[in-house]
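Student: I should like to go through this model term by term. Please set each value against its definition before drawing a conclusion.

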Amino acid sequence: MLWYQIVFLAVIQGLTEFLPISSSAHLILPAQLLDWPDQGLAFDVAVHVGTLIAIVSYFRRDIMQIIVAWCVSIKDKQLTPNSRLGWWIILATLPACVAGLVFDSFIETHLRSLEVIAYTTIGFGVLLWLSDRYGTTTKTEHELGVKSVLCIGFAQALALIPGTSRSGITMTAARFMGFSRESAARFSFLLSIPLILAAGGLKSIELVSSNMVVDWEGIFMGVVLSALSAYFCIYLFLKWLNTIGFFPFFVYRLILGLVLLGIVYL
């Protein structure tokens, strides 16, 4: 890839990984619309590493508290709010892992099209707005239970469909169940860590076994730019979320989806 393509895709990955607008859709679109070359496996690994660095850096204190409390809960057989949150993250991750193993081939073959992205972008955007418009705002992430965790987990599995948005669908599910905007976003971000780690790990194994030539300068740029853009995205999103809500993201998804439908059918 050329340098400006690397910069554009790395920043887009960093911004859209955590905004409720679908990172997979935005990484597919340049190749579809601009005839850019596929970014390749090595670059996918790079941007996954970058977004993982960003989320772990931003929530480093929360993560350490959750890990320590979770380990203590195994030893002492007693739950605290942080240890319970650790168990909830594990439980909510399982549906997406199973769905990925079962449906990955089908999704890659049949669902990575502009038409699918257009409809999922609009449809799940509408659900996001409805959840924010009519959902209550009384619960925090420490009030999660088995039912709500499983609902969020199964919602996250739907994000395997391009255009859905992992962060968008998990926040939507949480808002429908009465969690505040900030709590929904925080749990969604923490929930992303195992999946980003797993996806990056699998892609790294594929990369090592493929013996392909790696553009290390491009890889370094991808890691740095995706990490920086993702970190500032998380910071600004959480800072402004209670003020702006999810309506601007619904409008963006609606416009993007309509544009894509125009490209497909006109």
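Tutor: Helices and strands are DSSP runs, a helix being H or I over at least four residues and a strand E over at least two, numbered from the N terminus. By that definition histidine 48 lies in helix H3, residues 40–58. This is a predicted model, in which local features need pLDDT of at least 70 and side-chain atom pairs count only at pLDDT 80 or more, while totals for chains, interfaces and linings use all residues. Residues are numbered from 1 along each chain as its sequence is written, and side-chain values use heavy atoms, with hydrogens and water left out.

Student: Why is histidine 48 called buried?

Tutor: Buried means under 20% relative accessible area, exposed means over 50%, and partly exposed is in between, with a 1.4 Å probe and protein chains only. Histidine 48 has a relative accessible area of 16%, so it is buried.

Student: Which residues is histidine 48 in contact with, leaving aside neighbours within four places in sequence?

Tutor: Contact means heavy atoms within 4.5 Å. On that criterion, histidine 48 is in contact with Ile196, Ala199, Gly200 and Lys203.

Student: What pattern does the protein follow along the sequence?

Tutor: The pattern is α-α-α-α-α-α-α-α-α-α-α, and the protein has eleven helices and zero strands.

Student: How do you know whether the radius of gyration agrees with that of a compact globule?

Tutor: The radius is taken over C-alpha atoms, and the globule rule is 2.2 Å times the number of residues to the power 0.38. For 266 residues the rule gives a value near 18 Å; the protein has 18 Å, and therefore the two agree. Along its principal axes, the C-alpha trace spans about 55 × 40 × 35 Å.

Student: How many of the residues count as buried, and how much area does the protein expose?

Tutor: Of the 266 residues, 49% count as buried. Accessible areas come from the Shrake-Rupley method with a 1.4 Å probe, and for residues only the protein chains shown count as cover. The exposed area is about 13,200 Å², of which carbon and sulfur atoms supply 69%.

Student: Of the contacts between residues at least 6 apart in sequence, how many join residues at least 24 apart?

Tutor: In the protein, 83% of those contacts do.

Student: What makes the phi of lysine 77 worth stating?

Tutor: Most residues other than glycine have a negative phi. Lysine 77 is not a glycine, yet has a positive phi of about 60°. Lysine 77 sits in the loop between helix H4 (60–76) and helix H5 (81–110). Its relative accessibility is 70%, and so lysine 77 counts as exposed.

Student: Where is serine 165, and is serine 165 buried or exposed?

Tutor: Serine 165 belongs to the loop between helix H7 (146–158) and H8. Its phi is also positive, about 85°, although serine 165 is not a glycine. At 4% relative accessibility, serine 165 counts as buried.

Student: What makes the link between serine 167 and leucine 19 a polar contact?

Tutor: A polar contact is a pair of N or O atoms within 3.5 Å; within protein, one must be able to donate a hydrogen and the other to accept it, and residues adjacent in sequence count only if both atoms are side-chain atoms. A polar atom of the serine 167 side chain lies 2.9 Å from the backbone oxygen of leucine 19. Serine 167 is in helix H8 (residues 166–176) and, at 0% relative accessibility, counts as buried. Residues up to four places away not counted, serine 167 touches Glu17, Phe18, Leu19, Pro20 and Ser188.

Student: Why is leucine 33 called partly exposed, and why is leucine 256 called buried?

Tutor: Leucine 33, in helix H2 (residues 23–33), has a relative accessible area of 41% and is therefore partly exposed. Leucine 256, in helix H11 (residues 247–265), has 15% relative accessibility and so counts as buried. Neighbours within four places aside, leucine 33 is in contact with Leu114 and Ile263, and leucine 256 with His26, Leu29 and Thr121.

Student: How far apart in space are leucine 256 and isoleucine 122?

Tutor: Their C-alpha atoms are 8.0 Å apart, while 134 residues separate them in sequence. For arginine 112 and lysine 77, 35 residues apart along the chain, the C-alpha separation is 45 Å.
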